[in-house]
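The following exercises introduce a single protein chain to a reader who has not met it before. Each task is followed by a solution that proceeds step by step.

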Amino acid sequence: MEAAVVAALGFRRALRAFGFARRNARGVMRFGGAMLMIVGILQVSEVWTYLTGLLRYWVAGLQPTL
């Protein structure tokens, strides 16, 4: 019984989140498109490789492979 209540509350929260995305669909799409363009520019300029190497080193403590 308790699991059903938790699932219902989670479902209600998910509906609210999707409702926000539905109401603001144009802004969400523009934000996603801008992020894709930024990541693409970073990949072409090879800055993305450098940043992911730093992140890998910071998170895992490993040296980036060359």
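The model is predicted, and pLDDT is the predictor's confidence in each residue, on a scale from 0 to 100.

**Exercise 1. Determine which element of the chain has the lowest mean pLDDT and which has the highest.**

Solution. Begin with the chain as a whole: its average pLDDT is 85, and 91% of the residues score at least 70. Next, turn to the elements. Helix α1, residues 2–23, has the lowest mean value, 80. Helix α2, residues 25–44, has the highest, 95.

**Exercise 2. State how many helices and strands the chain has, and decide whether the chain is a compact globule or more spread out.**

Solution. The chain contains three helices and zero strands. Read from the N terminus, the order of its elements is α-α-α. The radius of gyration is 19 Å, whereas the globule rule gives 11 Å for 66 residues; the former is well over the latter, so the chain is more spread out than a compact globule. The box filled by the C-alpha atoms, taken along the principal axes, is roughly 55 × 35 × 10 Å. Finally, consider burial: 3% of the 66 residues count as buried. The accessible surface of the chain is about 6400 Å², and carbon and sulfur atoms account for 70% of that area.

**Exercise 3. Check what span each helix should have at 1.5 Å a residue against the distance between its end C-alpha atoms.**

Solution. The expected span is 1.5 Å times one less than the number of residues.

- Helix α1 has 22 residues and should span 32 Å; its end C-alpha atoms are 32 Å apart, which agrees.
- Helix α2 has 20 residues and should span 28 Å; the distance between its end C-alpha atoms is 29 Å, which agrees.
- Helix α3 has 14 residues and should span 20 Å; its end C-alpha atoms lie 20 Å apart, which agrees.

One further step concerns the exposure of α1: of its 22 residues, the number buried is one, so this helix lies largely in the open.

**Exercise 4. Explain what is notable about the phi of Glu 46, and establish whether Glu 46 is buried or exposed.**

Solution. Most residues other than glycine have a negative phi. Glu 46 is not a glycine, yet its phi is positive, at about 65°. As to location, Glu 46 belongs to the loop between α2 and α3. The cut-off for an exposed residue is over 50% relative accessible area; with 58% relative accessibility, Glu 46 therefore counts as exposed. A positive phi also occurs after α3, where Gly 61 follows with a value near 70°.

**Exercise 5. Identify which residues form a nonpolar patch on the surface, and describe the exposure of Leu 51 and Trp 48.**

Solution. The patch consists of Val 47, Tyr 50, Leu 51 and Leu 54, which together have about 360 Å² of accessible area. Leu 51 is located in helix α3, residues 47–60. With a relative accessible area of 39%, Leu 51 is partly exposed. Trp 48 also lies in helix α3, and its relative accessible area of 32% makes Trp 48 partly exposed. The last step looks along the chain: Trp 48 and Ile 38 are 10 residues apart, and their C-alpha atoms are separated by 9.9 Å.

Notes:
Residues numbered from 1 in each chain as written. Predicted model: local features only at pLDDT ≥ 70, side-chain atom pairs only at ≥ 80, totals over all residues. Heavy atoms only, no water. Patch = residues over 30% accessible without salt bridge, like charges linked within 9 Å, V, L, I, M, F, W, Y side chains within 5 Å. Areas by Shrake-Rupley, 256 points an atom, 1.4 Å probe, with all protein chains shown as cover. Salt bridge = Lys/Arg side-chain N within 4 Å of Asp/Glu carboxyl O. Helix = DSSP H or I, 4+ residues; strand = E, 2+ residues; numbered from the N terminus. Buried < 20%, exposed > 50% of the residue type's maximum accessible area, 1.4 Å probe, protein only. Rg over C-alpha atoms; globule rule 2.2 N^0.38 Å.
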